[in-house]
Amino acid sequence: MSGRVGAALAPLAGSLLAVAAAFIACGLFLEARGKHALAAYRFLADRGLTSFGVTEALIEMAPLLLVSAGLLIALKAGVWNIGIDGQFLVGALAVGVAAPALPGLPAAVVIAVSFAAGFAGGLLWAVVPALLRVRFGLNEIITTIMMNYVAINLTSWLVKGPVKDPSVVPPQTKQIPYGDMLPNIPGTQVHIGLLVGLAAVLLVAALYRFTTLGFRFWVLGQNRRAALHAGMPVARLTVIALLLSGGFAGLAGANDVLGVKGLFQGEWNPAYGFTGFALVFLARLSSLWVLPFAYLFAFLGFGGELMARAANIPVYFVQLLEGLMLAFLAVAIAVERAVVAPRRQRSAATVPAAVEPVALHPEEQP
Amino acid sequence: MSEAQLQAFLATLLGTGLIAAVPLTLAALGETFAELAGLLNLGIEGMMLSGAFFGFAAALATGSLAVGLAAGIGAGLILGLGFGLLTITLRVNQILVGLAITIVGLGLTGFLFQDSYGQQFPRLSVHVPEIAIPLLRRIPILGPGLFAQQILVYVTFALVAIAGVVLTRTRFGLEVRAAGENPFAADAAGVSVARTRYLAIALGGALAGLAGAFLSVADLQFFNPGMTVGQGFIAIALAMLGRWRPARVLAGAVLFGVLESLSTGLQILGVAVRPEFVNMLPYVGIMVALVVLAGRAMLPAALAVPYERGERTG
């Protein structure tokens, strides 16, 4: 590989090597535990290549794309939104309450209003960490995590009490009428949430490529101090990045309630946050590469459950695999920095800013 | 409400609050050293879970409290050194590495638990010695909670005191602060920043592992995948909240522990309140406390910034 092409592809090669290393390490681990790793992987691949497997993976891809879109906005701007799970739950509950409360309206209107409610719910849940960050200089890493646990308890409390469907015993919201759920993409068994997810990722790509706001986010993510010196409204940009990020996480909640579940259930928490993190880091914060990695993770999430049942492998296997991918990615980043960067003076294309060290100081003035 | 009821309520609040505070204090104490040295360890949750699982498995196999706790410490230590390798030597972003360790911890311990014990949920029957201090234990309300507790509560108190002395009165304590506040100056003064940071994260990992093992071996005597439910992250907040002073970290942990045991306490009082509502309080409380107590510009200057000799990035 020569010159620019090689340098541009080096990070992707690092990510792919990290994925491969994680599969190998997990395979050795399975063998050490007396399981048949190759048989398990073959099962995963066989099932994944059936039309049923592809359909299921595409359906599970939708929330991952939406979560990734949210993470891309925040991380590229150097804002650490670790509150995806909380924002997702609040968005999902907002849809669970809003959608059944709109009887008699055309399905398209119900769906549009529901997505808006999900976006608003997720956005709302990011308001507190955003304000704490810019008003009190409290780092968003801790506050967004705390808000996750508040959301888990709050939504669980609401769905057992105030917003519970009184006509049934289990804690859940009213069933959304079938006609108001997301329709399938014509000719497939995949609901249109996938298109919403793809649109969201494209929107983020366009935001960063073509708009002033995106450029400012990018500068903020590259060098907060430079953004400040250039006279950019750093505090406001930070707030916008975090709120938009939360909004997209809320959309993922809307997608799951409207497209799959049909209601909000107590104790339900798919916890896409960690998966989303592993995914966007492996994609090296590139909107384009998020697409194949989202498919891979959706496939693993769904295939892992099948494999768990068929090969007697605990379903936690998938989480272990994802965690190891991220750990090996850390090694790959270090190797890349040692091998590739000195040769071409570190460019923004090879090393995304947010993966580089970030100082945690809120150095902007109030 | 009768006076006896109120006394029982307060005694329960303090007693269970202190027990809940032990793992938080241990983990936050370790995180205090790590943060002071310039390392933000988001892997603490995974380290606690690993300590909890391997401590549980070792105690189940041997029936020994000490072996269980030692296994927990060992598991945390190994992950701590892994964190050090990736962030100190290889200088990869600490948040990325921390999250990776937490995800691995969740997946690995969940996998091993289900694979080893299936749906049995075995319980330990490990003897945990209690120490009751004569006379003092008879003080109303405070007595039973403070002076008739299991041995690890006192060990935790002792560790807090030792950590306080180490951080303020010893050369190592000074080096830890220097490595986090101004690694360039520390290096110029002959302190090995890398070595200091490794020691700090080893301590952080070991204490996180001990915290997890306390939960599964000494306190609850069972393991459940994901049983730490965010206590590792709370420990990070507690370390910041205590401004890295061990005594204040302990105070914050006890306050948090008391808030956590509020729902049990309220049941004794016969107050009907939804547990989910009470369970939100500690997390809200942490954020409020951070706003009130923690001001701007209080983080160690080089927190989360890798150090490379001869490199000055401003």
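**Helix 4 against helix 10, and a look at Gln265**

Helix 4 of chain A and helix 10 of chain A sit oblique to each other, since their packing angle is about 50 degrees and an angle that is neither under 35, over 145 nor in the 65 to 115 range counts as oblique. Keep in mind that this is a predicted model. Besides this helix pair, the notes below cover A:Q265, a residue in the loop between helix 10 and helix 11 of chain A.

**How the two helices pack**

- Helix 4 of chain A covers residues 84-98 and helix 10 of chain A covers residues 234-261, with the two axes 7 Å apart.
- The crossing of helix 4 of chain A past helix 10 of chain A is right-handed.
- On the helix 4 side, the contact residues are A:I84, A:Q87, A:F88, A:G91, A:A92, A:V95 and A:G96.
- Helix 10 of chain A brings residues including A:G246, A:A249, A:G250, A:G253 and A:V257 to the contact.
- Sorted by type, the residues in this helix 4 and helix 10 contact come out as nine nonpolar, seven polar and one charged.

**Around A:Q265**

- A:Q265 counts as partly exposed because its relative accessibility is 31%, and that class lies between the 20% and 50% cut-offs.
- The side chain of A:Q265 makes a polar contact with the side chain of A:K261, at 3.0 Å.
- Setting aside neighbours within four places in sequence, A:Q265 touches A:P171 and A:Q172.
- As for A:M181, its C-alpha is 16 Å from that of A:Q265, with the two positions 84 residues apart in sequence numbering.

Note on methods
Residues are numbered from 1 along each chain as its sequence is written. Chains are lettered from A and ligands numbered from 1 in the order in which they are written. This is a predicted model: local features need pLDDT of at least 70, side-chain atom pairs count only at pLDDT 80 or more; totals for chains, interfaces and linings use all residues. Side-chain values use heavy atoms; hydrogens and water are left out. Axes are lines fitted to C-alpha atoms, for helices over the stretch in contact, and angles run from 0 to 180 degrees between N-to-C directions. Helices (H or I, at least four residues) and strands (E, at least two) are DSSP runs, numbered from the N terminus. A crossing is left-handed if the near helix is turned anticlockwise from the far one by less than a right angle, and right-handed if clockwise. Contact means heavy atoms within 4.5 Å. Ala, Val, Leu, Ile, Met, Phe, Trp, Tyr, Cys and Pro count as nonpolar, Asp, Glu, Lys and Arg as charged, and the others, Gly among them, as polar. Buried means under 20% relative accessible area, exposed over 50%, partly exposed in between (1.4 Å probe, protein chains only). A polar contact is a pair of N or O atoms within 3.5 Å; within protein, one must be able to donate a hydrogen and the other to accept it, and residues adjacent in sequence count only if both atoms are side-chain atoms.
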